[in-house]
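The following exercises concern salt bridges, burial and enclosed space in a protein model. Please work through each task before reading its solution.

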Amino acid sequence: MSLPVIYVENLTRRFGDFVAVDHINFEVNEGEVVGYLGPNGSGKTTTIRMLLGLLAPSEGEATVLGYDVHRQSEEVRARVGYMSQKFAIYDDLTTLENLTFYGGVYGITDKTRITQTLELVGLTGHEHTLTKDLSTGWRQRLSLAIALVHQPKLLFLDEPTSGVDPTARRAFWDLIYELAEGGVTVFVTTHYMDEAEYCERVGVMRDGKLLAMDTPTNLKRSVITGDVWEVFAHPLEQGLEILHEMDGVERVGLAGDHLRVISQKVKKEALQSLLSRKKVQVEKIEKGEPTLEDVFLALAR
Amino acid sequence: MTNYLVQATGLQKHFGNTRAVEGVSLNVKEGEIYGLVGSDGAGKTTTIRLLVGALLPDAGEVEICGYNILKQTEQARSTIGYLSQRFSMYEELTVLENIRFFAEVRGLSSTEWLPRSMEILEFVGLDKFKDRPAGQLSGGMRQKLGLASALVTRPRLLLLDEPTTGVDPVTRQDFWQLVIKLVAQPALNSSPATHNSQPEGVSVIISTPYMDEASRCHRVGFMKSGRIIAEDTPTNLRSRLNGRILELRGSPLDILRHIAHQNEYVEDVQAFGDRLHIRVQEGRAKDVLGRLKSDIESVGGHVDELRSAPPVLEDVFIALSDHEYASAPHPLKT
């Protein structure tokens, strides 16, 4: 069994009294696509900065590709790629010029490598297109190409597909899965559920703590142990208040034209009869499926 | 009789060679939350700007609450609340002072603005923070202040342009609960000065690229290249694919994907991290369910679970895009 690509033990970072990252532990293996989900300020970026060797841990340790992130940070940075939403692509340069420029930063001067990287992300034929003429989805591919040009073994992606529709998102992820099949390990930070669903395992961060890390399926099963009910009723607002007070209901929320209820004990019939008794008209109650958002909201409580 | 707060027909707007909006018609009923769903550049923001009269259409008409946005601009605008993507507030002013500013700009009198501001701050949960400078609010609280400012004039139509971009799931949930409550209890928005015993209903148009948000709307229009390519309730949209989505979990994923693709009844295979969503031809789920497991096992793959799964909006959007654009998506802006 090979060593984990990312190994994190009791990793902690304090800023004064504030504990940004609080004794987190996890491992990521070669070829895995792992998501790191959490709100702004939950410690996602601080974790990444420590893994990239840009910030010293206050406590604990981490290795990336076998190198100590603090003592051997140059070794780490030479072998990882980083794609950020805020990454600067030069709008007035063509795709080829942008990639050549950033390749140069990593010491890549081999023209074949540049063209191969463009081909990998599907930008062949658009070498001479100005970056400002690319749609969002394709700009993201160019950012990916820039992160890939030095052939890293580990890729950090920060909200790689925010703002694109499912078709573009899917095309992007198909590319990521291909890279993973080729042995590249991918670590994705995001606060979008749509993105987290694409990861093989997802870690949930909150207030500096890693609350859970597992496959989306296992997270849904282990965190949402009750049933999910979709309740269509009128008036909705009144239904919300009644179910909010109902014994055994763990969570109830408005979901557009219906209520979403999560409960271990309460079944369809009980919901139906209580609402009817309180003069709320029930159109139908359907069994729903837990989502990653349910998981997040349950853990964040 | 259905009361439409928005009636837009044949909207078109080109910027040079860019066909930002290409024949959009849109009707939004009183009490409805309508989602304009699509990627950046699909035409969502341009559509919203045409609806509020911030842009002149090349063709088409817009009526808001019965007023033509170009001919009766003042009346139409007085019924609109608009929260743009980049909502700006005065960082040095307090929460209440910010609201007051928006209220007075929109013509609320000195006797009106305070009670209304307090009512709306209480609704969004910022009443306890009314004296805090806006610059010291958290991201979620800023969002709520933006919403409060848009609501202070009691608009009948609320337009929200990607209001939860960059906001974490807990805050988004809170924000959505407010929006849904707003349309569910119109009394909140009715003015005590009107003599109508029937409170006036509010409608919301919200734009988003995210499917989890789309699923909370009453009705959704999927936008692509300046057009609405499908429009219906989330439930009806999903039901278009009822019985045609299978969920497969197992290992290794590349074998699962490969074998699923080979099945003649399989239209599409989408990887979702730890599982695959397989779209099958109409009426062929049984055939695929009956054969796929053994096909995978015969080449050394392992199946943990294969089942029929309820379709999600993401499945629907992708299926629609396949029909509309058989070829690969074009890399250039359309």
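**Exercise 1.** How do the residues of the lining of the largest cavity divide into nonpolar, polar and charged?

*Solution.* The model is predicted: local features need pLDDT of at least 70, side-chain atom pairs count only at pLDDT 80 or more, and totals for chains, interfaces and linings use all residues. Residues are numbered from 1 along each chain as its sequence is written, chains are lettered from A and ligands numbered from 1 in the order in which they are written, and side-chain values use heavy atoms, with hydrogens and water left out.

Step 1. A cavity is a set of points, on a 1 Å grid over the protein atoms alone, where a 1.4 Å probe fits but cannot get out; lining residues have an atom within 4 Å of a point. The search of the whole structure yields 1 cavity of 30 Å³ or more, and the volume of the largest cavity is about 50 Å³. Grid points are joined across faces, edges and corners, and a volume is the space filled by probe spheres set on the points.

Step 2. The lining consists of B:Ile245, B:Asp268, B:Gln270, B:His277, B:Arg279, B:Asp315 and B:Ile318. At least two lining residues come from each of β12 (266–272), β13 and α11 (313–324) of chain B. Helices (H or I, at least four residues) and strands (E, at least two) are DSSP runs, numbered from the N terminus.

Step 3. Ala, Val, Leu, Ile, Met, Phe, Trp, Tyr, Cys and Pro count as nonpolar, Asp, Glu, Lys and Arg as charged, and the others, Gly among them, as polar. The lining therefore comprises 2 nonpolar, 2 polar and 3 charged residues.

**Exercise 2.** Which parts of the chains does the salt bridge between A:Asp165 and B:Lys224 join?

*Solution.* Step 1. Side chains of opposite charge can pair when their charged atoms come close. A salt bridge requires a side-chain nitrogen of Lys or Arg within 4 Å of a carboxyl oxygen of Asp or Glu. For A:Asp165 and B:Lys224, the N to O distance is 3.5 Å.

Step 2. This pair crosses between chains: A:Asp165 belongs to the loop between β7 (154–158) and α6 (166–181) of chain A, and B:Lys224 to strand β9 (residues 219–224) of chain B.

Step 3. Buried means under 20% relative accessible area, exposed over 50%, and partly exposed in between (1.4 Å probe, protein chains only). A:Asp165, at 5% relative accessibility, is buried, and B:Lys224, at 12%, is buried as well.

**Exercise 3.** Is B:Glu305, which forms a salt bridge with B:Arg249, buried or partly exposed?

*Solution.* Step 1. The side chains of B:Glu305 and B:Arg249 meet at 3.3 Å, N to O. Because B:Glu305 lies in strand β14 (residues 302–308) and B:Arg249 in strand β11 of chain B, the pair ties together parts that are 56 residues apart in sequence.

Step 2. B:Glu305 has a relative accessible area of 23% and is partly exposed, whereas B:Arg249, at 12%, is buried.

**Exercise 4.** Which residues are linked with B:Glu247 and B:Arg275 in a network of salt bridges?

*Solution.* Step 1. B:Arg275 and B:Glu247 form a salt bridge at 3.9 Å, N to O. B:Arg275 is in strand β13 (residues 275–280) and B:Glu247 in strand β11 (residues 245–251) of chain B, 28 residues apart. Both residues are buried.

Step 2. The network also includes A:Glu197, A:Lys220, A:Glu289, B:Asp274 and B:Arg307. Over all chains, the structure holds 49 salt bridges.

Notes. On a 1 Å grid over the protein atoms alone, a cavity is a set of points where a 1.4 Å probe fits but cannot get out, and a pocket is an open set with protein on both sides within 12 Å along at least five of seven lines; lining residues have an atom within 4 Å of a point.
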